[in-house]
Amino acid sequence: MNIKCLIVDDKPLAIDILADYIKKIPFLELAATTTNPIEGLNILRTQTIHLVFLDIQMPELNGLQFIKIAGKQSKVILTTAYSKYALDGYEHDVIDYLLKPIAFDRFYRAAEKAMHVLQPKNADAPFPAASIENAERQNTATYLFVKTEHRIQKVNLADILYIEGLQNYISIQTGADRILSLQTLKKVEEQLPPAGFIRVHKSFIVAFKHITYIERSRIFIGEAIIPIGDSYRDGFYKRIGNQ
């Protein structure tokens, strides 16, 4: 038996991200999505839903009001950009509280919590075993979403030349644009396919396909010159040798 999921979020891009994550986890099943919390309540009344991924700040009804009306029909994982609602969320017995932008590994841990909560009710029909490594190996996404100042932006992986870490920000350099996002280099590194990207310095990740040439511990990508850090040098040249 899979966990049947409903996503309620007034941002279509946020729904796309969560839907993509759900498809990668074998014991989750996406039953429905909606940008309208009132429609979400109707879905709960008419369909079997085990788990709701629920935004908080929405028009007409916010997430906490949604929980009060819905009662205990389904378990809830809150997904929001605002940490200030965390205590309120846990007072409503939510399974987890995910802060946007949500990394896949954090999402997976929340899904496992839901599995452990819901599984005892169906002991004769256990959820299929899975691991985060297996789920990630199935990741064939060709893009990622990053949060910029006023929006969530889709970035095609094929367009990324290199990514630079700038304290709490990252700068994603594509062939046409420079995109700034409030997150760490480590966090975005976890979302990139290792076959196409490699960290070469504490402040830089590069795309293999866009490297023009390498000279004296420096990588040249177009007009950009990227240093190779001492602690990353052996791993980088080993990967180059295996390509």
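What follows is a chat between a trainee and a mentor about this structure.

Trainee: What kind of model is this, and how are residues numbered?
Mentor: This is a predicted model, where local features need pLDDT of at least 70, side-chain atom pairs count only at pLDDT 80 or more, and totals for chains, interfaces and linings use all residues. Residues are numbered from 1 along each chain as its sequence is written, and side-chain values use heavy atoms, with hydrogens and water left out.

Trainee: OK, helices. At what angle do H2 and H3 pack?
Mentor: About 25 degrees, with the axes of helix H2 (residues 37-46) and helix H3 (residues 63-70) 11 Å apart. That makes H2 roughly parallel to H3, since angles under 35 degrees count as roughly parallel, over 145 as roughly antiparallel, 65 to 115 as roughly perpendicular and the rest as oblique. Axes here are lines fitted to C-alpha atoms, for helices over the stretch in contact, and angles run from 0 to 180 degrees between N-to-C directions. Helices (H or I, at least four residues) and strands (E, at least two) are DSSP runs, numbered from the N terminus.

Trainee: And which residues make the contact?
Mentor: From H2, Pro37, Gly40, Leu41 and Leu44; from H3, Phe66, Ile69 and Ala70. Contact means heavy atoms within 4.5 Å.

Trainee: Switching to sheets. What's the strand order in the one with 5 strands?
Mentor: S10-S9-S8-S12-S11, an open sheet with antiparallel pairing. Two strands pair if DSSP finds at least two bridges between them. Strands S10 (178-181) and S11 (197-201) are at the edges with a single partner strand each, so one side of each has no neighbour in the sheet. On average, neighbouring strands of this sheet are turned by 20 degrees against each other, direction ignored.

Trainee: How many bridges are there between S11 and S12?
Mentor: There are 4, with S11 and strand S12 (residues 204-207) paired in the antiparallel sense. Phenylalanine 197 has alanine 207 in S12 as its bridge partner.

Trainee: What about the sheet of 3 strands, what order is that?
Mentor: S13-S14-S15, open again, with antiparallel pairing. The edges are strand S13 (213-215) and strand S15 (224-227), each with a single partner strand, so one side of each is left without a neighbour in the sheet. Neighbouring strands there are turned by 25 degrees on average, direction ignored. S13 and strand S14 (residues 218-221) are joined by 3 bridges, and tyrosine 213 has phenylalanine 220 of S14 as its bridge partner.

Trainee: New topic: how many aromatic pairs are there?
Mentor: The count comes to 9. Rings of Phe, Tyr and Trp (its six-membered ring) pair if their centres lie within 6.5 Å, and planes under 30 degrees apart count as stacked, over 60 as edge-to-face and the rest as tilted. One of the pairs is phenylalanine 53 with phenylalanine 107, stacked at 5.0 Å centre to centre and 20 degrees between the planes.

Trainee: Where do those two sit?
Mentor: Phenylalanine 53 is in strand S3 (residues 51-54) and phenylalanine 107 in helix H5 (residues 104-118), 54 residues apart, so the pair links distant parts of the chain.

Trainee: Last one, the backbone. Which residues does the cis peptide bond join?
Mentor: Lysine 100 and proline 101, with omega about -5 degrees. Proline 101 is in the loop between strand S5 (96-99) and H5.
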